[in-house]
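Please open the model in your viewer and keep the selection tool at hand, since this tour moves from one selection to the next.

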Amino acid sequence: PGRLLNVHIRHTVDQNTYNVSIVYGWTTVRNSNALQLGSLLQKAHSNHTHNIILGDFNFVELPVDRGGQLHGRDTLYQHQWREFTSSLNLLDPFRLQFPHKRI
């Protein structure tokens with residue numbers, strides 16, 4: 001737990017570069033962990049690249065994903081995650097397509 005891998009992949013045909021981060025979030029998290037993850041993601045990404053964020057985050061953004069209330073781990077990450085995603089205009093394609101489905 002607590003890993004972030006960031007790679008840049010260049011498409012050989014169109015020459016676009018894709019900035020990909022794979023996150024494995026802490027299962028036991030402290031506020032400093034959430035701040036560190038937010039900071040590392042902010043440093044690794046900009047709104048001038050094609051950003052893709054994948055992984056096992058070990059937190060959720062919305063109560064629908066918990067089937068009720070968020071727990072402490074979710075709320076610790078929430079501020080940093082929302083700041084990061086809003087700064088890059090990132091969207092969750094699954095949540096856009098299925099706004100109320102719990103999975």
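Helices H1 and H2 of this predicted model are a good place to begin, because the two run roughly parallel to each other, a label given to angles under 35 degrees. Select residues 31–44 for H1 and residues 72–87 for H2, and look at how they pack: the angle is about 10°, and the axes are 8 Å apart.

Next, show the side of H1 that takes part in this contact by selecting Asn-31, Ala-34, Leu-35, Leu-37, Gly-38, Leu-41 and Gln-42, and then add their counterparts in H2, which are Leu-76, Tyr-77, Gln-80, Trp-81, Glu-83, Phe-84 and Ser-87. If you colour this contact of H1 with H2 by residue class, you will find 8 nonpolar, 5 polar and 1 charged residues.

From the helices, move to the loop between strand E3 (50–56) and H2, and select Asn-58 there. Its backbone deserves a check, as the phi of Asn-58 is near 60°, a positive value in a residue other than glycine. Is Asn-58 buried or exposed? With a relative accessible area of 17%, Asn-58 is buried, because the cut-off for that label is under 20%.

Finally, go to the other end of the tour, the loop between H2 and helix H3 (93–97), and select Asn-89. Here too the residue is not glycine and phi is positive, with a value near 55° for Asn-89. The surroundings can be read from the relative accessible area of Asn-89, which is 64%, so this residue counts as exposed, the label used for values over 50%.

Definitions and conventions
Residues are numbered from 1 along each chain as its sequence is written. This is a predicted model: local features need pLDDT of at least 70, side-chain atom pairs count only at pLDDT 80 or more; totals for chains, interfaces and linings use all residues. Side-chain values use heavy atoms; hydrogens and water are left out. Axes are lines fitted to C-alpha atoms, for helices over the stretch in contact, and angles run from 0 to 180 degrees between N-to-C directions. Helices (H or I, at least four residues) and strands (E, at least two) are DSSP runs, numbered from the N terminus. Angles under 35 degrees count as roughly parallel, over 145 as roughly antiparallel, 65 to 115 as roughly perpendicular and the rest as oblique. Contact means heavy atoms within 4.5 Å. Ala, Val, Leu, Ile, Met, Phe, Trp, Tyr, Cys and Pro count as nonpolar, Asp, Glu, Lys and Arg as charged, and the others, Gly among them, as polar. Buried means under 20% relative accessible area, exposed over 50%, partly exposed in between (1.4 Å probe, protein chains only).
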